[in-house]
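Open the model in your viewer and keep the sequence alongside. The tour goes stop by stop, with something to select at each one.

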Amino acid sequence: MSKRLRDVAEVHYGKSPNEVLTEDSPIPIVGTGGIYGHASRAMYNGPAVVVPRKGSLGNPQYVNEPFWPVDTTYVVIPKAGVDAKWLYYSLDAFDLTKLNEQPVSPVLAAIGCTKFWLAQKSMESSAASPKSFRQWTRRLSRRKR
């Protein structure tokens with residue numbers, strides 16, 4: 001059994017961090033390559049998955065604290081009852097670079113990002129090891145293409 005991303009999470013855009021840049025805060029600014037600065041306030045509280053929409057598209061990042069996502073990322077927030085780690089492993093197992101190959105605008109890519117299928121195994125609990133979970137979800141994503 002599988003679920004569409006839009007059924008298990010909300011997808012939002014990040015925002016330019018120019019207005020919140022500071023050195024006096026523990027709140028990370030998360031970009032396409034990871035943490036690269038600190039923000040005076042958070043845009044989102046974790047847990048969430050930050051997915052680059054430019055550049056390192058196949059590199060989702062799990063965030064379990066308040067954070068500020070930059071404008072070149074999507075923020076994927078699990079809906080109630082959905083385990084954030086499961087969501088991260090599912091997105092990590094899915095070949096997100098295929099979305100980058102489509103000649104569409106970032107707005108259409110955001111819509112497309114909510115239409116692919118995710119494996120429903122262990123949706124409420126990420127007790128399975130990341131390696132076995134990735135293997136299982138890769139097999140499922142190949143069948144859904």
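Which residue lies over the face of Tyr62? Select Tyr62 and look above its ring: Lys85 is there, at 4.4 Å from the ring centre. Bear in mind throughout that this is a predicted model.

**Stop 1: the aromatic cluster**

Keep Tyr62 selected and add Tyr88 and Tyr89. These three residues form one aromatic cluster. For the structure, the count of aromatic pairs comes to 4.

**Stop 2: the open sheet**

Now switch to a cartoon view. Find the open sheet of 4 strands, which has the order 2-9-6-7 and antiparallel pairing. Colour its edge strands: strand 2 covers 9-13, strand 7 covers 61-63, and each pairs on one side only. Look at how the strands cross. Neighbouring strands of this sheet are turned by 25° against each other on average, with direction ignored.

Next, select strand 6, residues 48-52. Strand 6 pairs with strand 7 in the antiparallel sense, over 3 bridges. Which residue of strand 7 does Val50 stand opposite? Select Gln61 to see the partner of Val50.

**Stop 3: strand 4 and its partners**

Move to strand 4, residues 27-31. Is this strand mostly covered or mostly open? Strand 4 is mostly covered, with 5 of its 5 residues buried. Show the side chains and check both faces. Ile27, Ile29 and Gly31 are on one side, Pro28 and Val30 are on the other, and all are buried.

Add strand 5, residues 34-39. Strand 4 and strand 5 pair in the antiparallel sense over 5 bridges. The two strands form a hairpin, with 2 residues between them. Within this pairing, Ile29 stands opposite Gly37.

Then add strand 8, residues 68-69. In what sense does strand 8 pair with strand 4? The pairing is parallel, over 2 bridges. To find the spot, select Val30, which stands opposite Pro69 in strand 8.

**Stop 4: Glu23**

Step back along the chain to Glu23. This residue is found in the loop between strand 3 (21-22) and strand 4. Is Glu23 buried or exposed? Glu23 counts as exposed because its relative accessibility is 77%, and the cut-off for exposed is over 50%. Now draw a distance from Glu23 to Gly37, C-alpha to C-alpha. The two residues are 14 residues apart along the chain, and these atoms are separated by 7.6 Å.

**Stop 5: the salt bridges**

How many salt bridges does the structure hold? There are 2. Select Lys15 and Glu19 for one of them: their side chains meet in a salt bridge at 3.6 Å, N to O. Add Arg41 for another: its side chain meets that of Glu19 at 2.5 Å, N to O.

Trace the backbone between Arg41 and Glu19. This pair links distant parts of the chain, 22 residues apart. Arg41 is in the loop between strand 5 and strand 6, and Glu19 is in the loop between strand 2 and strand 3. Keep all of these side chains on screen. Salt bridges that share partners join Lys15, Glu19 and Arg41 into one network.

Finish with a surface view of the network. Lys15 is partly exposed, with a relative accessible area of 39%. Glu19 is partly exposed too, at 46%. Arg41 has 41% relative accessibility, so it counts as partly exposed.

Methods:
Residues numbered from 1 in each chain as written. Predicted model: local features only at pLDDT ≥ 70, side-chain atom pairs only at ≥ 80, totals over all residues. Heavy atoms only, no water. Pairing = 2+ DSSP bridges. Axes fitted to C-alpha atoms, helices over the stretch in contact; angles between N-to-C directions. Phe/Tyr/Trp six-rings, centres within 6.5 Å; stacked < 30°, edge-to-face > 60°. Lys NZ or Arg CZ within 6 Å of the ring centre and 35° of its normal. Buried < 20%, exposed > 50% of the residue type's maximum accessible area, 1.4 Å probe, protein only. Salt bridge = Lys/Arg side-chain N within 4 Å of Asp/Glu carboxyl O.
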